[in-house]
Amino acid sequence: MTGTAERRLVLLGATGSIGAQSLEVLARYPGIARLHGLAVGGSRPQQVAEQVLVHRPERLVVADPGHAETIERTVTVACADAGIATPRIDAGQNAVIDLAGSLGDHDVVLNAITGSVGLLPTLAALTSGARLALANKESLVVGGHLVTAAAAPGQILPVDSEHTAIAQALAGVRPDQVSRLVVTASGGPFRGRTREQLATVTPEQALAHPTWAMGRVITTNSATLVNKALEVIEACFQFDLPEDRVDVVVHPQSIVHSMVTLVDGSTIAQASPPDMRHAIGWALAHPEKLPGLAAALDFSAAQSWTFEPVDEDTFPAIAIARASHREGGGAMAAYNAANEEAVDAFFAGDLSFLGITELIREVLDHPRRPRADLTDGVDGVLAVETWARGAARSLIGEQGR
Ligand code: NAD
Ligand code: MG
């Protein structure tokens, strides 16, 4: 690639599913950028040490201070054994935000943290002027207005297969030529099941995704269809459209990653075998294309691609999210916070699978839910979050579900 030799990359969430695949892409295409810094939660010291040895970042941030000492020791020993300089190591959430905001216009920040804790790093990266390759969809869901207000046109490049697909389908298309976005959904592991059949689902069953290997929260969200719900909101903010112009269609093969229907009746689709390295490489290298980034479709073998409507009665998560987007303000922050608490409770054995979506609905219907005003800024969003987490926990505790 030309003209990017000096470009630096900060990778937030380096040890996760997206983070590790991003480093694979970077190792194969070192011309994309030089790795400046990594941020990790901290629970995987050996993986972090290996990443540091291969990519030699100047900075390393451990978000959870409880893990900082172990990471520092492991990384320091590994660097000494290899005879390379140890990176500067900081700890805590403020250090993650500082790292996210430490680059400039020619650089790129890839936010692959899970959860709404990614919001402040997203805002810091946008303020710095760096390109933001955004896998952390939660930051766009909970702080959509703040994030879009902080972003220059084209500054955010989505790292989410559906939104990466839509962005590609929109190349050369004017906003007034777009009729609808069509987001595809695999349907998750429980496609075709009834509510009765879902009553006894275990975390292990929810983690068996048919087409994608991902982190725990997003995999659970794929089973409840909360992930698709978050993606509808993500699409509304990323592409500046109301929710009633963003459709969802179930496509179990996960080959067509999403589509755009134009005003003249034409539908443009992006298709490739399911592989997140495609979305990661697209966002990091844009507008260049990385030769051989991921396998292409092979049409020498017969195949069929099918599409069917979402069973909204069994999976109400999308309809609830649409209502929260129409309401605006802090409703989407409450939705996401309730879901994050619900997923934790599901894994702790304190909430049933169907209870996850029920809890989101109860938190949103709560008579005392605060209505954040957009003028309240990030503090308003965070206040709604805190309230929603508290409300979710007490509802879980009360009902002992
Ligand atoms: P994951 O759970 O595998 O990884 C999360 C990473 O974030 C880990 O490295 C963890 O250590 C780190 N982390 C946790 N808290 C942190 C904090 N406060 N500061 C810095 N780092 C922190 O998750 P994932 O599956 O890689 O997903 C990451 C994000 O990408 C999510 O928002 C998810 O919805 C989105 N996404 C993932 C996929 C996928 O295929 N995995 C696809 C599309 C979008
Ligand atoms: Mg997706």
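Colleague: By class, how many residues in the shell around ligand 1 are nonpolar, polar and charged?
Modeller: This is a predicted model, by the way. In it, the shell around ligand 1 has 13 nonpolar residues, nine polar ones and three charged ones.

Colleague: Which residues are the closest to ligand 1?
Modeller: The closest are T15, G41, Q93, E138 and G215. They belong to a set of 25 residues that surround ligand 1.

Colleague: And which helices each supply at least two residues of that shell?
Modeller: α1 (17-28), α4 (93-100) and α6 (137-142) each do that.

Colleague: What about the backbone, how far is G13 from an oxygen atom of ligand 1?
Modeller: A backbone N or O atom of G13 lies 3.3 Å from a ligand oxygen. For I113, a backbone N or O atom is 3.4 Å from an oxygen atom of ligand 1. G16 has a polar backbone atom 2.9 Å from an oxygen atom of the ligand.

Colleague: OK, and how much of ligand 1 does the protein bury?
Modeller: Taken alone, ligand 1 exposes 830 Å², and the protein buries 87% of that.

Colleague: Switching to the sheets. In what order do the seven strands come?
Modeller: The order is β4-β3-β2-β1-β5-β6-β7. That sheet is open, and its pairing is parallel.

Colleague: Why is one side of β4 and of β7 left without a neighbour in the sheet?
Modeller: Because β4 (88-91) and β7 (156-158) stand at the edges, each of them has a single partner strand. As for the turn between neighbouring strands of this sheet, it is 20 degrees on average, direction ignored.

Colleague: How many bridges join β2 to β3?
Modeller: Four bridges join β2 (residues 34-40) to β3 (residues 59-62), and the two strands run parallel. One bridge to look at has G37 with R59 as its partner in β3.

Colleague: Back to α1 for a second. Which strands does α1 touch when it packs on the sheet?
Modeller: α1 touches β1 (8-12), β2 and β5 (108-111), and its direction makes about 155 degrees with that of β1. Recall that α1 also supplies at least two residues of the shell around ligand 1. Another helix, α2 (residues 45-55), lies across β2 and β3, running at about 170 degrees to β2.

Colleague: What about the sheet of four strands, what is its order and pairing?
Modeller: This open sheet goes β9-β8-β10-β11, and the pairing is mixed. Its edge strands are β9 (246-250) and β11 (267-271), each pairing on one side only. From one strand to the next, the twist averages 20 degrees.

Colleague: Do β8 and β9 run parallel or antiparallel?
Modeller: They run parallel, with five bridges joining β8 (residues 178-185) to β9. A185 has V250 as its bridge partner in β9.

Colleague: Which strands does α8 lie across?
Modeller: Helix α8 (residues 161-169) lies across β8, β10 (256-262) and β11. Its direction runs at about 40 degrees to β10.

Colleague: Last topic, the backbone oddities. Which residues does a cis peptide bond join?
Modeller: H286 and P287, with omega about 10 degrees. P287 is in the loop between α13 (276-285) and α14 (317-327).

Colleague: And what is phi of D240?
Modeller: Phi of D240 is near 55 degrees, a positive value in a residue other than glycine. You'll find D240 in the loop between α12 (226-239) and β9.

Colleague: Why point those two out?
Modeller: Because most residues other than glycine have a negative phi, and most peptide bonds are trans.

Conventions: Residues numbered from 1 in each chain as written. Chains lettered and ligands numbered in written order. Predicted model: local features only at pLDDT ≥ 70, side-chain atom pairs only at ≥ 80, totals over all residues. Heavy atoms only, no water. Pairing = 2+ DSSP bridges. Axes fitted to C-alpha atoms, helices over the stretch in contact; angles between N-to-C directions. Contact = heavy atoms within 4.5 Å. Near = heavy atom within 4 Å. Polar contact = N/O pair within 3.5 Å; in protein donor to acceptor, adjacent residues only side chain to side chain. Areas by Shrake-Rupley, 256 points an atom, 1.4 Å probe, with all protein chains shown as cover. Nonpolar A, V, L, I, M, F, W, Y, C, P; charged D, E, K, R; others polar.
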